[in-house]
Amino acid sequence: MGVVVGVAGRPLADEREGRLVGSAGFRFRVAPGVSVRASRRGLRTSLGPRAARLHVGSGRPGVSTGAGPFTYYTSLSGSSSRRRATSPAGRAAPGAAAADKEAEAQRLASQLQAIAGLNDVTFEPSRRPLAPPPAPVDYWSLLRRHRKATLAGVSVFDLSARRAAVASAVRAAESEHAEAVAAAVEGMYEEQSSLDETWGLLSECEPDVVLAALARAFEDNEAPAAPVGVEHAEASIVVRVPGPEVVPDRRPTTTSAGNLSLKKVSKTEAAAIYTSLVCGHVLLTAREAFAVVPFLDAVRIVAVRAVAPDGPPEVLMAAAFRKSAVDARPWRGIDALTALNDCSFETVLRRKGVTRALAPLDLRAEPAVAAVIDLIDLTDLMTDDDLGGRAR
């Protein structure tokens, strides 16, 4: 199984677009996300974005994934049982060790890609909700019920009485059907009136309605968030970000000989990745807030991380964003820290040392941030794992 890992600015040998490959071959793009490489071995097609690209055609099929500045490639063919073969001494054969390294490289690349790809998430803006149309009323089931009731006890030989009974059943079924339809339509109009009232309050940025809408939207977020206040079309939100332990301690790369290697992430690299992660969750929370309540003019986000189950949180960052600036920015493929600096009109963070690692804010010097933190009940930012651990 072949493995190649490339670094930004140094594409894979068989991925150099528009250049000759080997002694006879070239590569060209036929559509966005689709390119073809022609060589003496035949045609090979690459499908999809850099983050998840499939390679098919001549040679073995394979997949590659890009994570920030890194590219990882592996072929899809090969026998797993052969890779897992062991030596007579019971030790894993070299193929098994290589397969384990490939799997670990894929896992690390996925983690790095998840961090780098936070800005790729998109949100559909909220629109005036519409009540669902009323469910249809089954006239024929009503008619069958009324026919059965009116014909009960009427002789099958008394045709005149049966005709009168059927006519009575039809009138009763039509009357009940009309009443049921009218009730369903009235219910739809009542529901729409209620929805319109709520939408109107949302458009006016009525605090209770905005807070409720944001709280519902944040319920399933990877980074728990809680709205704490709304004033003059500006919302204040606290988001709990993961700790630095989520940053991988190694990353896939290649040796000078072109072999796969898992290189230890330096403290400076880890600090940069973690800063990108925090900025990504802050931006994600701001963008979701503007999508859920498109009438907000601005949001203020305070990012905290928990250091102990019952202890006070560490405040890592505070940033304020205007909707116009957030809406005007393309988000895919953008570095989170750069994006945050470009579209926030107020940012408070502290970075220390040669690694430029994020450091907790001194809230004594930031009374406005401290005031936001005082409004939040930290249990609102607890995950299921937190609550389960506390129960135990």
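# Strand 9, its sheet and the cores around it

User: In this predicted model, how many of the seven residues of strand 9 are buried?

Analyst: Strand 9 is mostly covered. A residue counts as buried when its relative accessible area is under 20%, and in strand 9 the number of buried residues is six.

User: What is the order of the strands in the open sheet of six strands, and which are its edge strands?

Analyst: The sheet is open and its pairing is mixed, with the strands in the order 8-9-12-13-14-15. Neighbouring strands are turned against each other by 30° on average when direction is ignored. An edge strand pairs on one side only, and this describes strand 8 (225–231) and strand 15 (357–359).

User: In what sense does strand 9 run against strand 8, and in what sense against strand 12?

Analyst: In general, the strands of a sheet pair through backbone hydrogen bonds, either parallel or antiparallel. Six bridges link strand 8 and strand 9, and this pair is antiparallel; seven bridges join strand 9 to strand 12, and the sense of this pair is parallel.

User: Which residue of strand 12 is the bridge partner of serine 236?

Analyst: Serine 236 belongs to strand 9, where it is the bridge partner of glycine 229. Serine 236 also has a bridge partner in strand 12, namely arginine 300.

User: Over how many bridges do strand 13 and strand 14 pair?

Analyst: Strand 13 covers residues 314–322 and strand 14 covers residues 344–352, and the two pair in the antiparallel sense. One bridge of interest sets phenylalanine 321 opposite its partner in strand 14, serine 344. The number of bridges between strand 13 and strand 14 is five.

User: Is histidine 232 buried or exposed?

Analyst: Histidine 232 is found in the loop between strand 8 and strand 9, a hairpin with two residues between the strands. Its phi is positive, about 50°, although histidine 232 is not a glycine, whereas most residues other than glycine have a negative phi. Because its relative accessibility is 71%, and the cut-off for this class is over 50%, histidine 232 counts as exposed.

User: Is cysteine 205 buried or exposed?

Analyst: Cysteine 205 lies in the loop between helix 4 and helix 5, and its phi is near 55°, a positive value in a residue other than glycine. Its relative accessible area is 8%, and the class depends on whether that value falls under 20%, so cysteine 205 is buried.

User: At about what angle does helix 5 run to strand 8, and at about what angle does the direction of helix 6 lie to that of strand 13?

Analyst: Helix 5 (residues 207–218) lies across strand 8 and strand 9 (234–240), and its angle to strand 8 is about 165°. Helix 6 (residues 267–292) packs on the sheet, touching strand 8, strand 9, strand 12 (298–305), strand 13, strand 14 and strand 15, and its direction makes with that of strand 13 an angle of about 45°.

User: Which element gives the most residues to the largest nonpolar core?

Analyst: This core has 48 residues, of which Leu214, Val278, Val282, Val299 and Phe321 touch the most other members. The elements that give two or more residues are helix 4 (159–203), helix 5, strand 8, strand 9, helix 6, strand 12, strand 13 and helix 8 (336–343). With eleven residues, the element that gives the most is helix 6.

User: Which residues are in contact with leucine 214, leaving aside its neighbours within four places in sequence?

Analyst: Leucine 214 is one of the members of the largest nonpolar core that touch the most other members. Beyond its sequence neighbours, the residues in contact with leucine 214 are Pro227, Ala235, Ile237, Ala289, Val292 and Val293.

User: Why do the buried residues of helix 9 lie on the same side of the helix, and over what arc?

Analyst: In helix 9 (residues 367–374), the buried residues are Val369, Ala370, Val372 and Ile373. What covers them includes strand 8, strand 9, strand 12 and strand 13, while the face turned away from the buried side carries the exposed residues Pro367, Ala368 and Asp374. The buried residues lie on the same side of helix 9 because the arc they cover around the axis is only 155°.

User: How many residues are in the second, separate core?

Analyst: This core is separate from the largest one and includes Val369 and Ile373, both of which are among the buried residues of helix 9. Ala318 and Val348 are also included, and the number of residues in the second core is 13.

Definitions and conventions
Residues numbered from 1 in each chain as written. Predicted model: local features only at pLDDT ≥ 70, side-chain atom pairs only at ≥ 80, totals over all residues. Heavy atoms only, no water. Pairing = 2+ DSSP bridges. Helix = DSSP H or I, 4+ residues; strand = E, 2+ residues; numbered from the N terminus. Axes fitted to C-alpha atoms, helices over the stretch in contact; angles between N-to-C directions. Contact = heavy atoms within 4.5 Å. Buried < 20%, exposed > 50% of the residue type's maximum accessible area, 1.4 Å probe, protein only. Arc of directions from axis to C-beta. Core = buried A, V, L, I, M, F, W, Y, C linked by side-chain atoms within 4.5 Å.
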